[in-house]
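Let's walk through this model together, starting where protein meets DNA. Keep the 3D view open as you read.

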There are 2 protein chains.
Amino acid sequence: MVSIKDVARLAGVSDKTVSRVVNKEPNVHADTLQRVEAAIVSLGYVPNMAARLIRSNRSRTFGIITDFISTTPYSGDIVRGIQDWANANGRTVFLANTNGSLERERETWRTFQSHRIDGVLYVTMYHRVIDPESGDVHIPTVLVNCRPGPNRSYVSIEPDDFQGSRDLTKYLLEQGHRRIGYIRLNPRLLGAQLRYEAFREAIRDAGLSEQNLNVRLGMDGQIGEENNYVFAAATEILTQPERPTAIMCGNDEMALQAYIAALSLGLSIPTDVSIVGFDDFRTVSHALKPELTTAALPYYDLGYCSAERLERLLEGEDLDPKHATLPCRLVERGSVGAI
Amino acid sequence: MVSIKDVARLAGVSDKTVSRVVNKEPNVHADTLQRVEAAIVSLGYVPNMAARLIRSNRSRTFGIITDFISTTPYSGDIVRGIQDWANANGRTVFLANTNGSLERERETWRTFQSHRIDGVLYVTMYHRVIDPESGDVHIPTVLVNCRPGPNRSYVSIEPDDFQGSRDLTKYLLEQGHRRIGYIRLNPRLLGAQLRYEAFREAIRDAGLSEQNLNVRLGMDGQIGEENNYVFAAATEILTQPERPTAIMCGNDEMALQAYIAALSLGLSIPTDVSIVGFDDFRTVSHALKPELTTAALPYYDLGYCSAERLERLLEGEDLDPKHATLPCRLVERGSVGAI
DNA sequence: TTGTACGCGTTATCAT
DNA sequence: ATGATAACGCGTACAA
């Protein structure tokens, strides 16, 4: 592999001068600069980050730790957001997936430590409370899409499920809906609680009694292998005598099932019943006709902003508050009608 | 940062002895070993990979280059597969996303070069022909989910869209279907051609005339911003006098739209019409009732096997054939009925 | 079994 | 404006 010395020899200068050119330091004569640059190109010299790291103790790398990835299809956008920030700011990214195994997580922290990573983005694929298992490794860390347990202190960033769900509910109310069905997410998900709470609060704030509501559990059980009651629940809600005019679903996947249930009953959307989801799973929300009104989870921005926050943390800035939140934008499409 | 010397000092031995312990070399006295290990633990020493790399010129890292990620939700499973292999084999993974920009791709190759990455996994998010833009950087590379242009030579691995589509078609024929509708993927996708060709071949092999077929284009235009005709096409196919008994769709997203179209027409699945997709987008295929019969794209295995192939390439093995293919497994669920 | 000397590719310091 | 020298953390070769 061609080194700085080879370049120096070819250009007839010392190593240090080449180093100056490579690092765009001042005090290099224009002629020298040209000769060195020519040598670099002709030799195809690429600086060795490892050697640089040994001296400077800064690797200019971030590490991403994820838990699962497969069940929630668009959460990968978080990683995309991180990478885009990293790319725009001269950082390279290590990626490690723990598959939810604590042992692998501990190994990962050590591996990252051995690569002298500058900081870690700890990303969960669904919104939840977490305690990173870093052993005695201490690297500046930002939690993404999750929050630390009660006694721990971390910089973190989450989607605002509460605001998203409140906006969605208010929107339904504005469209004149009063009898509303609600199909709940798996209660183990943090988002499930936040969304449901926001829904109830918005209903109360509108002066409606909860008696107008039809709340059903759509899923429960362990993440990744849950029991799914959505189709049955939606069918049941929609075959009642006083049918709700709208159904709000824990997420788009569930909205899809409610959608199928409604169509199977011969109902049309949104004429007979309006449906809203959450997350903006585009494969689903765009494929439905009419397309699905939903609240978009800001996955990409979560990633992008978290990298930004990590950088600020590394620069010694005191992030206050440590905890940030990103809004879930209401995406108005065709699946909701006015009453 | 604590170095090998600090450990040596605390344990009262030389650097080299610590090095022996860390690398599990023989010829260390049991007592010495214990003292050194104790020192390592108490100091929290973690070897510096950069320093190691400088001597050995092997970084034990792979780099992953991806193009897009957002549109095809489950393609992230490729990356998961790579990571699982890497984790099980003591390798760490760099990740870089080009967003389809050639400039960024060239930068990425240089960055990887500067980190002295051992090998690159070049991953495309949809199945296609590609020419990596590596400039004058030369790192052992495996193409994943794509194949090289006609004049280039690369080790590669792809899903067998042809086999998957043929199996799916044969399955429909076995169930007695003779009048079959087909809604095509965007022709710009390699998978579109392979799947359609396999469909036609299977139909011909069964001695059926293409006159029994109703082929429609479901999508066209640039990837990521295509025009979508699926709902209209499906509706049109299903309102013909001689309605097909089955519709085969380019992928599950399109199958979902055909599904919605059928239900909207008051048809039931699979009694009135059978539907099959492709890809196994689980968010969709499991949410439909009845669930969707499809062919699963082996994303995870593509990733896992590609890492394995890269390792063999690095070990100097002569991969023959350079090109590998992984089957698309038929996933039989409820959306197809017998005639 | 253990230690010493040196070199890897780079940057920092100081001198010229 | 440029260069000489040392140092970073570790492994290799060799010596003890």
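A polar side-chain atom of Arg20(A) sits 2.6 Å from a base nitrogen of DNA strand D, a polar contact, meaning a pair of N or O atoms within 3.5 Å. Arg55(A) also reaches a base nitrogen of strand D, with a side-chain N or O atom 2.8 Å away. Ser14(A) uses a polar backbone atom instead, 2.9 Å from a phosphate oxygen of that strand.

This is a predicted model, where local features need pLDDT of at least 70, side-chain atom pairs count only at pLDDT 80 or more, and totals for chains, interfaces and linings use all residues. Residues are numbered from 1 along each chain as its sequence is written, chains are lettered from A and ligands numbered from 1 in the order written, and side-chain values use heavy atoms, leaving out hydrogens and water.

Now zoom out a little. Strand D is surrounded by 23 residues, with Asn27(A) and Tyr45(B) among the closest; being near means having a heavy atom within 4 Å. Of the strand's atoms that come within 4 Å of the protein, 60% belong to sugar and phosphate. Helix α4(B) gives the most to this surface, with 4 residues (helices are DSSP runs of H or I, at least four residues, numbered from the N terminus).

Next, look at chain B, where α2 (residues 15-22) packs against α3 (residues 30-43) at about 85 degrees, with axes 10 Å apart. The two helices are therefore roughly perpendicular, a label for angles of 65 to 115 degrees. Among the residues that meet there are Val18(B) from α2(B) and Leu33(B) from α3(B), where contact means heavy atoms within 4.5 Å.

Terms used. Axes fitted to C-alpha atoms, helices over the stretch in contact; angles between N-to-C directions. Parallel < 35°, antiparallel > 145°, perpendicular 65-115°, else oblique. Polar contact = N/O pair within 3.5 Å; in protein donor to acceptor, adjacent residues only side chain to side chain.
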